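Subject: Structure handover

Hello,

Here is the structure I promised to pass on. My notes on what turned up follow straight after it.

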Amino acid sequence: MFDIKKIPFSRYGSFITISPNHHEDGESPLYLRNIRNGDNEFGEVFRIDLIHEGIIQPYKTVLSPSMLRLDSEEGFAEFCITEARVLQLRSHGVGVRLTGITGAYDYAVPVENGRWEVNHSRQEMRYMLTSIKGRLVVDAPFIEQRCEKIIVDFLPDLYLGEMEGVIEEFTTVYQHRSYGSFTEGHEHVTKEYESWLETTLEIPEKFAGGKEMASYITWSCVVPPEGMLTRPAMYMSKNWMTNIWSWDHCFNALALAKNNPSLAWDQFMIFFDLQDESGMLPDFVNNRSALWNFTKPPIHGWTLRRMWEQNNFVTEEKLHEIYQPLEKWTKWWMTFQDSDQDGIPQYNHGNDSGWDNSTIFHKGTPVESPDLSSFLVLQMEVLSEIACKLGKNDEARNWMDESQALLNRMIAHFWNGQSFTAKRSGTHETIESNSLVLYVPLILGDRLPSEILNKLVEDLKTKGFLTEHGLATESPDSPFYREDGYWRGPIWAPTTLLLTDGLLLAGEKEMVLEVAEKFCTMASTSGMAENYNALTGVGLRDPAFTWTSSVFLNLGQLLATEDTR
């Protein structure tokens, strides 16, 4: 069972979500939401209450993957999203009141006995409300251009005290249809979720609670292809981070690659479906829009290699599909993100790096950072491998030559003899920073000279980054460290996975297992949060994040594999 104050109620393939509003002061009620507007707004359609004899009742929530139950002293109500656009509900002893969160043109009209249509223009969705058992009472006085209020009561019958109803989304013309009972629908959804859970990565039994949480969050955050979304897409969250970002999707793909490779490929490719002619990928996308003001770092070559290591799903056909888009993405960085033309690509804003407010940006931008060059060194190498597999031998040699040349320029440019540094593009002024981002070059493994690799590992162990709970994004010893500083201190899932991957390449298996154990313990205890206080392990920001769930599963699988040896 999960805490709905942290984890929303939804299901695979649906935009329908029930949750409290985390941005309201005090104890928030539950809302039925339409999360199609991305993170621009909360998407509330109806406030949900239990009523008995016209009086609103307090209740306690019980949330399982396939059902939300509200218990009061007078009775209970249950909700199940039986299909992508269908929410079924039933109650005993109490009714369910839906209070519309209305806008300028919202209205409700009776369609036939026991059925009303609500047109919610603010959310650009219509809802058909149908009473199956019990009574449907609607208070929706129309004044000029809208209903002054819309209050819908699904009430139990007067004899058995039972109610059953259906709420359906539609956009234009309602297609009259039949549906099974609540019980039948619930059984079907339960089986769907159990099938998903069976394909979730195996992790140590002591993290079973965390696995169930991570499994439900990843399953329930998948939305269907619609609008800008060309494929099924795993949103970051259904709390308020209701988009996918163009590096977040890679970590979700990695957790799916072994046992659900088709969906993993969809996650990986969805941003390439949207790729600009220049080669740029958008910062984020939802069903309504994509944001092009920023982008995210090119970890896609690194990701693709990790995906094809899982199984044989990435066939020659798939390599044909990705080769040119990955090539354009790589060239975009080298062509359009190098304003001083020194052969070292740059970030024009912290958002482009994924480390939005990292201390490498505190002197301003553009910034040349060794993590970006590291990603591109690997991506060029992966392009070389793909070209070789596709019989493009000249291109394979060219990409490998470019990879080695960039590696050489990167070391000469950023390594000062003791550490990697970030620099202002143009002036090449060194930026004072104690950010974990400067250790991302570990992902290059033995491509780095041994003295550099050993020094990176030594500093990672001795300069305060490794806390009781994992790797802080800014050393707690740094004057810039902040407990809830976003990328200036908290532990994040993606950076943990990148650094553990690098440490494995450096032969630091013991440290990798230590970091994995700490992260999985923290996530199981504090939930799959957006990030964590590095000193206490308490979850911060959005409390139900998919890339955290995916990294937890990947690191858990690493621990489980080690346990079986």
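Let me start with the pockets. The largest pocket has a volume of about 470 Å³. It is lined by 18 residues, and those closest to its centre are Gln310, Asp501, Leu504, Asn554 and Leu558. Three elements give two or more residues each to this lining: helix 5 (300-308), helix 11 (493-505) and helix 13. Helix 13 has the largest share, with six residues. By class, the lining of the largest pocket holds seven nonpolar, five polar and six charged residues. Please keep in mind that this is a predicted model.

The second largest pocket comes to about 260 Å³. Its lining has 14 residues, and Lys5, Pro20, Glu27, Ser28 and Pro29 lie nearest its centre. The lining of the second largest pocket splits into five nonpolar, five polar and four charged residues.

Next, the enclosed spaces. Rolling a probe the size of a water molecule over the atoms shows where empty space is left. Two cavities of 30 Å³ or more were counted. The largest cavity holds about 100 Å³ of space. Of its 13 lining residues, Trp196, Thr200, Ala255, Leu256 and Leu553 are the closest to its centre. Helix 1 (182-199), helix 3 (248-256) and helix 13 (546-563) each supply at least two residues of this lining. Helix 3 gives the most, with three residues. The lining of the largest cavity has six nonpolar and seven polar residues, and no charged ones. Helix 13 thus turns up twice: in the lining of the largest cavity and in that of the largest pocket.

The second largest cavity has a volume of about 30 Å³. Its lining is made of Ala257, Pro261, Ala264, Met307, Asn311, Phe313 and Val314. Six of these residues are nonpolar, one is polar and none is charged.

Now for the helix packing. Two packed helices are described by the angle between their axes and the distance between the axes. Three pairs are worth going through.

Helix 3 and helix 4. Their axes lie 8 Å apart, at an angle of about 165 degrees. An angle over 145 degrees counts as roughly antiparallel, so helix 3 and helix 4 are roughly antiparallel to each other. Helix 3 crosses helix 4 in a left-handed way. On the helix 3 side, the contact uses His249, Cys250, Ala253 and Leu256. Helix 4 brings Pro261, Leu263, Ala264, Gln267, Phe268 and Phe271. This contact has eight nonpolar and two polar residues, with no charged ones. Some names recur here. Leu256 also lines the largest cavity, while Pro261 and Ala264 also line the second largest cavity.

Helix 4 and helix 6. Helix 4 covers residues 261-273 and helix 6 covers residues 316-336. Their axes come within 10 Å and cross at roughly 40 degrees. Helix 4 and helix 6 are therefore oblique to each other. The crossing of this pair is left-handed. Trp265, Phe268, Met269 and Phe272 in helix 4 meet six residues' worth of partners in helix 6, namely Lys318, Glu321, Ile322, Pro325, Leu326 and Trp329. By class, the contact counts eight nonpolar, no polar and two charged residues. Phe268 appears in this contact and also in the contact with helix 3.

Helix 5 and helix 8. Helix 8 spans residues 370-389, and its axis comes within 7 Å of that of helix 5. The two cross at roughly 50 degrees. Helix 5 and helix 8 are therefore oblique to each other. Their crossing is left-handed. From helix 5, the contact takes in His300, Gly301, Trp302, Leu304, Arg305 and Trp308. From helix 8 come Leu378, Gln379, Glu381, Val382, Glu385, Ile386 and Lys389. The residues of this contact divide into six nonpolar, three polar and four charged.

Last, two points about the backbone. Most residues other than glycine have a negative phi, and most peptide bonds are trans. Which peptide bond is cis? The bond from Thr365 to Pro366 is, with omega near 5 degrees. Pro366 sits in the loop between helix 7 (350-353) and strand 23 (367-368). Glu144 is not a glycine, yet has a positive phi of about 60 degrees. Glu144 lies in the loop between strand 14 (142-143) and strand 15 (146-147).

Best wishes

Terms used:
Residues are numbered from 1 along each chain as its sequence is written. This is a predicted model: local features need pLDDT of at least 70, side-chain atom pairs count only at pLDDT 80 or more; totals for chains, interfaces and linings use all residues. Side-chain values use heavy atoms; hydrogens and water are left out. On a 1 Å grid over the protein atoms alone, a cavity is a set of points where a 1.4 Å probe fits but cannot get out, and a pocket is an open set with protein on both sides within 12 Å along at least five of seven lines; lining residues have an atom within 4 Å of a point. Grid points are joined across faces, edges and corners, and a volume is the space filled by probe spheres set on the points. Helices (H or I, at least four residues) and strands (E, at least two) are DSSP runs, numbered from the N terminus. Ala, Val, Leu, Ile, Met, Phe, Trp, Tyr, Cys and Pro count as nonpolar, Asp, Glu, Lys and Arg as charged, and the others, Gly among them, as polar. Axes are lines fitted to C-alpha atoms, for helices over the stretch in contact, and angles run from 0 to 180 degrees between N-to-C directions. Angles under 35 degrees count as roughly parallel, over 145 as roughly antiparallel, 65 to 115 as roughly perpendicular and the rest as oblique. A crossing is left-handed if the near helix is turned anticlockwise from the far one by less than a right angle, and right-handed if clockwise. Contact means heavy atoms within 4.5 Å.
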